[in-house]
Amino acid sequence: DPEALPRAVRADFPLLARRAGDLVAYLDNAATTQKPRVVLDAMTDYYTGANSNVGRGYHRLGLESTERHEQAREGVARAIGAAQPEEVLFTAGTTAAVNLVADTAGRRVAGPGRRVVVTGMEHNSNLLPWRRLCDSTGATLTVVPAGPDGRIDADRFAAALGPDTVLVAVSHVSNVLGTVNPVREMAAAARRAGALVLVDGAQAVPHRPVDVRDLDADFYCFSGHKAYGPMGVGVLHGRRDLLAGLPPYQVGGGTVKGVAADRPVRYLDGPARWEAGTPHVAGAVGLAAALDYLRDLGWDAIRRHDRALVRHAVDVLTAVDRVRVVGDPAADPSGIVSFVVEGIHPYDVGAHLDRHGVAVRCGVHCASTFLDELGLLGTVRLSFGVYNTTAEIDLVGELLAGVRPGPWTTDHPDVRFL
Ligand code: PMP
């Protein structure tokens with residue numbers, strides 16, 4: 001029953017009942033999810049019950065705050081199967097995590113005659129840090145195309161690696177098509193080539209149980225806000241031995257025990273070394289609460305719901321004249337379905353849906369390289385969360401029947417028609 005999960009959870013999300021009453025369906029969960037009450041409560045509880053700076057002053061509130069921060073780290077470590085909490089670093093999000101790795105591990109291994117390899121379906125946040133790293137170090141960036149079906153084959157990917165490959169960065173799940181990449185096999189291939197591996201799990205963590213030990217990548221990162229947690233906080237998981245050998249990233253308060261003018265600076269080991277300045281403690285607490293929330297809903301229920309909604313969306317969309325679903329989103333559903341309407345710009349489709357209170361994302365989804373490869377100007381993307389219903393998808397189908405070309409298709413002479 002695809003309605004079982006939304007029936008059970010909708011009341012958990014205050015925004016879905018917002019008084020403006022003009023939001024009919026929120027189908028942009030791959031951009032950010034709404035937050036359940038337990039997450040908001042955990043954050044309020046932190047600010048009203050334990051707010052104080054962490055890892056610094058030795059007063060009771062400071063110790064309690066530090067303890068809550070570390071409990072959040074332990075909670076995240078448990079949720080993603082990390083060997084120890086010290087492998088979990090809190091960052092500002094996926095983008096910040098990728099930049100951290102590019103500027104530390106990346107800078108250490110990149111150089112002339114060396115290659116960094118990414119896939120053609122990467123989000124700009126897992127592409128631009130590597131482009132900049134290559135531009136500034138003289139390394140070469142190799143982009144392995146996703147192919148016409150938007151799928152990366154593990155063997156084809158492995159064949160693109162060589163002895164000169166020093167780092168590999170791949171997304172677990174595509175934010176454009178919802179494609180699930182064979183990241184375990186890709187990480188193993190990178191290891192055989194002697195390269196470091198980073199996996200961008202931003203779109204995976206809200207939709208499937210992730211076990212970083214099973215994946216066996218060097219780095220795994222994700223954002224809290226796409227997994228029902230707060231904005232402004234995310235996670236970088238890194239192997240302990242690997243992190244210990246890296247130069248620090250941002251330096252500042254909390255990263256050292258003491259600084260003396262006449263001695264070299266010695267940075268702390270462990271997470272403190274990577275979390276310079278006052279961290280987003282309430283964010284970490286909220287993120288841990290969000291992962292607990294997902295665990296309590298149960299991955300079987302979440303995966304069943306994703307599968308049912310994606311299949312339903314594919315059925316509904318393919319029945320609409322001139323609509324084409326891109327890729328094969330039902331193959332291994334991640335709650336994402338991208339489509340195009342022949343002859344109508346995706347922005348016009350998005351604007352039409354918005355006029356009826358339906359929120360979707362349209363355009364290139366911060367992945368124009370991928371859209372170019374697919375030969376598309378953009379797509380309209382439906383992305384589902386635990387609270388979405390088949391009725392909301394039916395509504396999209398009905399509204400699409402009435403979509404007409406609008407300003408984007410008439411006012412923009414350089415627009416490529418889909
Ligand atoms: N990678 C992927 C696959 C994403 O979908 C996103 C967000 N759209 C990001 C990275 C960047 O995440 P954030 O904006 O939270 O840093």
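A polar contact is taken here as a pair of N or O atoms within 3.5 Å. By this criterion, a nitrogen atom of the ligand, lying 3.1 Å from an N or O atom in the side chain of H123, forms a polar contact in the structure. The model is a predicted one, and the distances and areas reported below were computed from it.

The surroundings of the ligand comprise T94, T95, H123, S125, N175, D200, A202, Q203, S223, H225 and K226. By residue class, this shell consists of eight polar residues, two charged residues and one nonpolar residue. In addition to the contact with H123, an oxygen atom of the ligand is placed 2.7 Å from an N or O atom in the side chain of Q203. Backbone atoms also take part: a polar backbone atom of T94 lies 3.5 Å from an oxygen atom of the ligand. The protein buries 85% of the 390 Å² that the ligand exposes when taken alone.

In the UniProt record, an unreviewed entry, residues 26–395 are listed as "domain: Aminotransferase class V". Helix accounts for 39% of this span and strand for 15%. The C-alpha atoms at the two ends of residues 26–395 are 12 Å apart.

Among the helices, α10 covers residues 281–297. From the first C-alpha to the last, the 17 residues of α10 reach 25 Å, close to the 24 Å expected at 1.5 Å a residue. Helix α10 is mostly covered, with 14 of its 17 residues buried. The residue that follows α10 is G298, which has a positive phi, near 95 degrees.

Several loop positions were examined individually. The loop between β4 (140–144) and α6 (154–159) contains D153. Because its relative accessibility is 40%, D153 is classed as partly exposed. A polar atom of the D153 side chain lies 2.9 Å from the backbone nitrogen of R156, and a distance of 3.2 Å separates a polar atom of that side chain from the backbone nitrogen of D155. The C-alpha atom of D153 is also 7.5 Å from that of P182, a residue 29 positions away along the chain.

H365 occupies the loop that runs between β12 (361–363) and α13 (368–374). With a relative accessibility of 0%, H365 falls under the 20% limit and is therefore buried. The side chain of H365 has a polar atom 3.3 Å from the backbone oxygen of G363.

P206 is located in the loop between β6 (196–200) and α8 (212–215). The relative accessible area of P206 is 4%, so this residue is likewise counted as buried. Its C-alpha atom is separated by 9.6 Å from that of N29, although the two residues are 177 residues apart along the chain.

D328 lies in the loop between β9 (323–325) and β10 (336–341). The relative accessible area of D328 is 48%, a value between the 20% and 50% limits, and D328 is therefore partly exposed. A distance of 23 Å separates the C-alpha atoms of D328 and D1, which are 327 residues apart along the chain.

How values were computed: Residues are numbered from 1 along each chain as its sequence is written. This is a predicted model: local features need pLDDT of at least 70, side-chain atom pairs count only at pLDDT 80 or more; totals for chains, interfaces and linings use all residues. Side-chain values use heavy atoms; hydrogens and water are left out. UniProt positions are given in the numbering used here, feature names are shortened, and annotations may be inferred rather than shown by experiment. Helices (H or I, at least four residues) and strands (E, at least two) are DSSP runs, numbered from the N terminus. A residue is near a molecule or strand if one of its heavy atoms lies within 4 Å of it. A polar contact is a pair of N or O atoms within 3.5 Å; within protein, one must be able to donate a hydrogen and the other to accept it, and residues adjacent in sequence count only if both atoms are side-chain atoms. Accessible areas come from the Shrake-Rupley method with a 1.4 Å probe; for residues, only the protein chains shown count as cover. Ala, Val, Leu, Ile, Met, Phe, Trp, Tyr, Cys and Pro count as nonpolar, Asp, Glu, Lys and Arg as charged, and the others, Gly among them, as polar. The expected span of a helix is 1.5 Å times one less than its number of residues. Buried means under 20% relative accessible area, exposed over 50%, partly exposed in between (1.4 Å probe, protein chains only).
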